[in-house]
Amino acid sequence: MMSSSPYGFSCYPVPKKVLWKEGTDCCSWDGVTCNMQTGHVIGLDLGCSMLYGTLHSNSTLFSLQHLQKLDLSSNDFNRSVISSSFGQFLHLTHLNLTSSNFAGQVPPEISHLSRLVSLDLSSNSEELMLEPISFDKLAQNLTQLRELYLGGVNMSLVVPSSLMNLSSSLSSLQLWYSGLKGELPGLLGNLTQLIELGLADSQLVGQIPFSFGKLKQLEYLDLGYNNFIGPIPDVFINQTQLAWLDLSGNSFLGKILNAFFNLAQLTSLDLTNNRFDGQIPDSFSNLTQLTLLDLSNNRFDGQISFSFRNLKKLDILRLSFNNFCDKISDGFFNLKQLSWFDLSNNRFDGQIPNGFFNLIQLIFLDLSHNILIGRIPSQISRLSGLNSLLLSNNQLIGSIPSQISRLSGLNSLDLSHNLLNGTIRSTLFSMPSLQALFLHNNLLYGQIIFKLEQLRALMLSSNDKLTGNISSVICELKFLEILDLSNNGFSGFIPQCLGNFSDGLLVLHLGANNLHGNIPSIYSEENSLRYLNFNGNQLKGVIPPSIINCVNLEFLDLGNNMIDDTFPSFLETLPQLEVVVLRSNKLHGSLKGPTVKDSFSKLQIFDLSNNSLSGPLPTEYFNNFKAMMSVDEDMDYFSQFQIALTTLDLSCNKFTGKIPESLGKLKSLIQLNLSHNSLICYIQPSLGNLTNLESLDLTSNLIAGRIPPQLVDLTFLQVLNLLYNQLEGPIPQGKQFNTFENGSYEGNLGLCGFPLQAKCNKGEGKQQPPSNFKKEDSMFEEGFGWKAVAMGYGCGFVFGVSIGYVVFRARKPAWFLKMVEDSAHQNAKRLRRKNAPRNGGRRY
């Protein structure tokens, strides 16, 4: 049964079926086309109609035997299989099932549709698969096919040579994310009318062959995001009709030379994310029809050729992340149609040329991460259409020109990491469309006024000279998602309204200022806060229990204040917490253990150091730290960063009793610090299970007995501090223990053996009690700085929130900007691929 659903649509949903009325002629219904002579339904368009559920084989749909065109795209069929009953539509010429959440095997019965001209199965569930037998039948029987879209269909078992059997009449072929491997077969040969070959993200491996075979009707060529290697062959020289060429995301290398000089009709050329080097050849001047040129993320170098001055139709030009140098060429300023211009992350120097301000069509301008000097020109106001102006990480000086405030459409302004100085003008905070403002790491000073009603991200951290109170006017920024005023000289109280002013606020960072008073209560139960940082102020009082309203909170840092309270056990109720930092306050009393099931199950950083907490170590909490217990062998790139500083720091308190054996369960721990307490008895042999441990500090306790030999298996251990305890007997030998010097053992008079001068006698030292833990076959100084922890934690947090924020905190905005821009660029590219010309607009 199918029903309406609000989910899974890439277009504006129009539930056509709801408008159908029984008792009326169905040929008049929206989306229905009939043969006016026979009355048979020959066309059915239910695209983007909010259909949901499983399309069963007994559906009345399959009784429409005369259908010629069927569109079920952009619905949600809930990962159900494509019914074999589709094979009954023997008159069908167009079948569109794109973006409808189908899964399972593509039925071989699809190959029965021998009249098909267009087949689109793209952009469904990743579980949609096309097996070799089904593909071979499809290629053999669909001899009239001109459009075939299989993007996202898993074809990893299909041999690429099978593509040779496709219809020679194909005008469009798309195989995005298809998992194809091996060399691309000789498909394209003597191309005279290329229309579209989309092999994007198919993981094809090998070189582009010099002879492309029989597909002579293709006009658009997209080989992006595969694994092609080597230099560009001369296969494109004779393709004078080529209009679309995308070779991005491969491993092409070497110089381009004259590979594209004859492509005079080319409108889009994308070579991003390869390993091309050398200078851009003068032959690019022949590509006068180009509207998009993307050479970013390569190794191009030298000066920019003046040949760009001929590309007068360019709308998008991206040259970022290369090695271009010298001053910015005047040739760019002839490109009056440019709307997107990105020269970031190169080595351009000199002042910002005034010629930029003749490009009045610009919407996006990124000159960040270069070596530009001088002042920001006041003529910037001539670019009245700018949405984004990114000038960060240069050597710009002087004050921020007041003329910037005239850019009424600007929604993103990044001037961070320069040498700008002077007062931040109030006019800067009166720009009606501004949503993101980054001025951190400059020499600006003064107070700030907030009038930016649309602002979503405000970052003025590390300016060092912003002073005064934080005005309650800030609470009028109802759309704010990121607020970072850290590392300044703000004083006074935290405005109480911050506890409730914006349900959309994700990041609140006021750390490293001179704020005092109490932490404001957070009384909004609908808040979205995920990052809360007041570290390094003079806040007093208790931690407000109203923090339990922050059910999405992942990062909590209230360290380095004067909070006088017991441990806030109510934090157990926050299910998403990954980081808790309460170090260097006046916390006291004991940790009584969890009262909530699965409390702190996602915690990866727990720092209560430098307080006055007492009693035994919280064994019950350790048993709940599930995220610290597992090490994912197949973790992705972001997860590796997140786990990089998995840490437990309870140092400099008054904890007593034994080291719990259960600590050995926390296998993902990187740093363990229990120093400067009053712990007794033995070092647990179970600590030998912490095979990812890099730093172990048990300094200044009352620990006795031998050092367990199991610790020798901690092969990643770089820091070992066992100073000032009552340890005795021989020091274990081998592996990392051979690298530790005397300083690791100082103050333990009973220890002997290397690296100490004292030699051991047999049987020396007490024997530890046997451990109940099985040995597993798996792989500091006092406290530590939390800027580094924010870096390690950042990628996990911001991936789900705002990936820019913590990366900026780590002073790596280039990576953030590159990723955000590339993400937007890739989405745009996928949209372009999806909407690329399809045989004269034959789509229905």
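1. In this predicted model, Asn441 is buried, its relative accessible area being 18%, which falls below the 20% under which a residue counts as buried. The residue sits in the loop that runs between β32 (436–438) and β33 (443–446), and its backbone deserves a look, since Asn441 is not a glycine and yet has a positive phi of about 60°. As background, a negative phi is what most residues other than glycine have.

2. Ser584 can be read alongside it: this residue, again something other than glycine, has a positive phi near 55°, and it is placed in the loop between β43 (579–581) and β44 (588–590). Ser584 is buried, with a relative accessible area of 18%.

3. A further backbone feature to inspect is the peptide bond between Phe754 and Pro755, which is cis, with omega at about 10°. Pro755 belongs to the loop that lies between β55 (750–752) and α4 (786–800). In general, most peptide bonds are trans.

4. Turning to the interior, the largest nonpolar core contains 152 residues, and the members that touch the most others in it are Phe260, Phe332 and Phe356. Taking Phe332 as an example, and setting aside neighbours within four places in sequence, one finds it in contact with Ile304, Phe308, Leu317, Leu319, Phe341, Leu343 and Leu359. There is also a second core, separate from this one and made up of 43 residues, among them Val41, Leu72, Ala139 and Leu170.

Key
Residues are numbered from 1 along each chain as its sequence is written. This is a predicted model: local features need pLDDT of at least 70, side-chain atom pairs count only at pLDDT 80 or more; totals for chains, interfaces and linings use all residues. Side-chain values use heavy atoms; hydrogens and water are left out. A nonpolar core is a set of buried Ala, Val, Leu, Ile, Met, Phe, Trp, Tyr and Cys residues joined through side-chain atoms within 4.5 Å. Buried means under 20% relative accessible area, exposed over 50%, partly exposed in between (1.4 Å probe, protein chains only). Contact means heavy atoms within 4.5 Å. Helices (H or I, at least four residues) and strands (E, at least two) are DSSP runs, numbered from the N terminus.
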